[in-house]
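Could you walk me through this complex in the viewer, one selection at a time? I would like to know what to click next and what I will find there.

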Amino acid sequence: MILKQRSTLPGFRLTLGYTVFYLSLVVLIPLSMLFIKTSSMGWDAFWQAVTSPRTLAAYRLSFGTAFAASLVNVVFGFIIAWVLARYNFAGKKIIDALVDFPFALPTAVAGIALASLYSSNGWVGQYLYKMGIPSAYNSLGITLALIFIGLPFIVRTVEPVLQDIDAELEEAAASLGANRWQTFSRVIFPVVLPTLITGFSLAFARCIGEYGSVIFIAGNMPGKTEIAPLLIVTKLEQYDYAGATAIAVVMLLISFSLLALVNFIQHLASKRIGMS
Amino acid sequence: MKAVQIFTSIAAIILGFILTGHAFAHQVTLLNVSYDPTRELYEDYNKAFAKHWKEKTGDDVTINQSHGGSGKQARAVIDGLDADVVTLALAYDIDAIAEKSGLLPKNWQEKLPNNSSPYTSTIVFLVRKGNPKNIKDWDDLLKPGMAVITPNPKTSGGARWNYLAAWGYASRKFNGDENKAKDFIAALYRNVPVLDSGARGSTTTFVERGMGDVLISWENEAYLAVNELGRDRFSIVIPSISILAEPPVALVDKNVDRHGTRSVTEEYLKYLYSEQGQEIAAKHYYRPRLDAIKKKYEDRFQPVKLFNISELGGWQEAQKKHFADKGTFDQIYGNN
């Protein structure tokens with residue numbers, strides 16, 4: 001008689017099969033089309049398409065602004081998450097709902113709204129321009145749009161973790177003689193850090209590919225304020241499908257390695273506090 | 001939004017098939033894939049045509065519209081959007097459909113009169129009321145401190161007409177000296193603070209954001225801005241010479257034959273050249289071809305000296321020389 005070890009949960013094979021099938025259909029097949037289209041161009045053409053000065057400038061801009069915007073969001077998103085998780089006050093539900101707005105708003109609508117707000121005759125822009133801070137049609141404008149888009153990613157990943165931290169943990173820290181700053185920096189922060197990194201990478205990944213909201217505030221000057229997704233659209237507009245997918249493939253590879261790096265850092269961070 | 005449009009179009013077509021399947025209902029549905037600024041024009045025209053077709057044959061015809069950037073729309077048709085007719089901003093985009101998908105023959109432009117362009121337009125300047133910077137001609141756009149708004153010719157079909165209009169002026173001015181024309185264009189684009197991705201985007205930047213001293217624009221878009229947003233805010237300046245913009249129309253043969261809608265689609269395009277069709281075009285500030293209608297709307301369209309795109313070697317040639325990678329436009333920005 002053969003003793004077969006069974007999982008306590010039934011339906012493993014069925015659900016795994018379904019998972020693989022569904023992922024292939026929704027993610028892998030579309031992604032593989034990207035590589036197939038790109039492979040229709042030769043290596044030289046590929047290399048030329050992805051390393052021209054204009055393309056490199058677009059990569060720098062897209063990754064740089066996405067990085068800056070996500071950093072800003074990590075700081076201020078954390079504060080919002082903290083407020084939402086820790087305090088009760090009138091109007092909390094409204095603030096909670098507002099955080100999700102960037103998720104729900106069509107990106108083009110967001111872009112038009114931001115451009116009219118921050119351009120030189122906009123509500124906010126007129127004062128910023130007077131102070132010598134041009135807030136639209138440059139990399140600052142792009143970053144502002146990306147901050148808007150990325151915010152809910154941080155708040156929504158950090159908030160549940162903050163809620164889950166037991167008050168006892170803080171009380172224990174206090175009774176062991178930690179002051180409030182020490183309680184925060186040595187007890188709470190290390191628990192939240194891995195989630196902050198996750199939130200950062202989600203926001204970052206989203207910002208890199210953002211087109212709709214950025215395009216209206218970017219200025220779109222070749223080599224200066226031209227984001228990588230616009231370059232892809234430009235290539236498509238010339239019916240250069242292979243050139244467009246080539247740029248996309250490189251963006252995908254860079255994003256993938258960055259996310260892998262972030263995951264690795266996160267792994268180290270969680271190991272330090274003994275959860276993994 | 002486009003996905004929704006495509007979905008509704010497809011749904012409408014399927015519905016059309018179901019309805020035509022019934023013997024009692026002679027209901028035909030067409031899909032006209034067009035570009036952005038023709039929205040209002042075709043809304044009116046479709047109503048007029050449905051009435052005309054009903055009178056002529058007794059059948060009902062429903063025309064669905066799809067609008068978007070001209071190049072985007074062409075790609076949608078190449079990728080399978082089931083258009084019966086395409087009415088786009090430039091011949092190059094319909095050429096691309098013919099070449100990449102074979103849905104219509106390469107000589108499609110010879111099938112209808114006037115290069116298959118029932119109405120025309122041209123490129124003009126929209127300036128702030130009273131023309132404070134005193135802009136009269138293309139040369140004025142190069143002055144230091146002038147801010148010129150025009151979209152990116154790499155992403156916008158309309159912007160390519162703008163670029164070529166300026167190029168045509170420069171190459172005349174310098175008797176065909178190409179290097180001088182290039183310098184002229186480069187100086188012009190140095191005065192462009194924002195390159196929007198589409199023509200409507202540029203109009204918004206100029207009108208709503210208050211950026212720039214002058215907007216280079218299609219004549220019909222300029223009139224739309226003046227009439228909808230106030231005569232007290234903008235005026236139109238006609239340059240000494242501009243390009244004859246011919247937005248072409250074409251029947252997508254293979255789709256039409258599959259749908260069995262040839263007779264009604266042919267009539268749909270032919271009717272654009274009729275007196276009624278021409279009048280609707282003129283009402284929407286497209287220049288009519290028919291002399292009678294031209295005369296009727298004489299005071300609306302100021303006379304302009306126009307040159308034809310064929311002078312620059314046609315669209316294929318112009319595209320390759322100016323807007324392809326490493327073309328003259330890329331050279332302006334020192335990119336390759």
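Start by selecting Asn32(B), whose bridge partner in β2(B) is Gln65(B). Keep in mind throughout that this is a predicted model. Now widen the selection to the two strands involved: β1(B), residues 27–34, and β2(B), residues 60–66, run parallel to each other and pair over 7 bridges. Is β1(B) mostly covered or mostly open? Colour strand β1(B) by burial and you will find that 7 of its 8 residues are buried, so β1(B) is mostly covered by the definition of at least 20 C-beta neighbours within 10 Å.

**Into the core**

Asn32(B) also leads to the next stop, since it is among the residues touched by Val85(B). Select Val85(B) and show its contacts beyond four places in sequence: Leu30(B) and Asn32(B) are there, along with Val249(B), Ala250(B), Leu251(B) and Val252(B), and also Thr265(B), Tyr268(B) and Leu269(B).

Which residues have the most contacts inside the largest nonpolar core? They are Ile217(A), Val85(B), Val86(B) and Val252(B), in a core of 142 residues. Helix α8 of chain A, residues 139–164, is the element that gives the most to this core, with 12 residues.

**Stepping back to chain B**

Hide chain A for a moment and look at chain B as a whole. Chain B holds 15 helices and 11 strands. Its radius of gyration is 20 Å, close to the 20 Å that the globule rule gives for 336 residues, so chain B is as compact as a globular protein of that length. Turn it along its principal axes and the C-alpha trace spans about 70 × 45 × 35 Å. Of the 336 residues in chain B, 48% are buried. If you draw the contacts of chain B with a separation of 6 or more, 71% of them join residues 24 or more positions apart.

Next, colour chain B by pLDDT. The average is 90, and 92% of the residues score at least 70. Where are the lowest and highest means among the elements of chain B? The lowest belongs to helix α1(B), residues 2–21, with a mean of 57, and the highest to strand β9(B), residues 249–251, with 97. Then select residues 21–25 of chain B: pLDDT stays under 50 there, and the model has 1 contact beyond four places in sequence for this stretch.

While chain B is alone on screen, pick Ser116(B) in helix α5(B), residues 113–116. Its phi is positive, about 60°, although Ser116(B) is not a glycine. For context, most residues other than glycine have a negative phi. Ser116(B) counts as buried because it has 21 C-beta neighbours inside 10 Å.

**Where the chains meet**

Bring chain A back. For the complex, the predictor gives an ipTM of 0.73 and a pTM of 0.81. Select the contact between the chains: it takes 22 residues from chain A and 21 residues from chain B. On the chain A side, the elements giving two or more residues are α3 (53–86), α6 (107–118) and α11 (228–237). Helix α11(A) gives the most, with 5 residues. Colour that side by class and you get 11 nonpolar, 9 polar and 2 charged residues.

**Along chain A**

Follow the chain into the loop between α11 and α12 (241–272) of chain A, where Tyr239(A) sits. Tyr239(A), too, is a non-glycine residue with a positive phi of about 60°. It counts as buried, because 20 C-beta neighbours lie inside 10 Å.

Move on to Ile247(A) in helix α12(A). With 23 C-beta neighbours inside 10 Å, Ile247(A) counts as buried. Measure from its C-alpha to that of Ile232(A): the two are 15 residues apart in sequence and 6.6 Å apart in space. Beyond four places in sequence, the contacts of Ile247(A) include Ala49(A), Val50(A), Thr55(A) and Lys235(A).

Last, select Ile188(A) in helix α10(A), residues 180–209. Is Ile188(A) buried or partly exposed? With 17 C-beta neighbours inside 10 Å, Ile188(A) counts as partly exposed. For a long view, draw the line from its C-alpha to that of Phe148(A), 40 residues apart along the chain: the separation is 27 Å.

Terms used. Residues numbered from 1 in each chain as written. Chains lettered and ligands numbered in written order. Predicted model: local features only at pLDDT ≥ 70, side-chain atom pairs only at ≥ 80, totals over all residues. pLDDT = per-residue confidence, 0-100. Helix = DSSP H or I, 4+ residues; strand = E, 2+ residues; numbered from the N terminus. Contact = placed C-beta atoms within 7 Å. Buried ≥ 20, exposed ≤ 12 C-beta atoms within 10 Å, placed from the backbone. Core = buried A, V, L, I, M, F, W, Y, C linked by C-beta atoms within 7 Å. Nonpolar A, V, L, I, M, F, W, Y, C, P; charged D, E, K, R; others polar. Rg over C-alpha atoms; globule rule 2.2 N^0.38 Å. Pairing = 2+ DSSP bridges.
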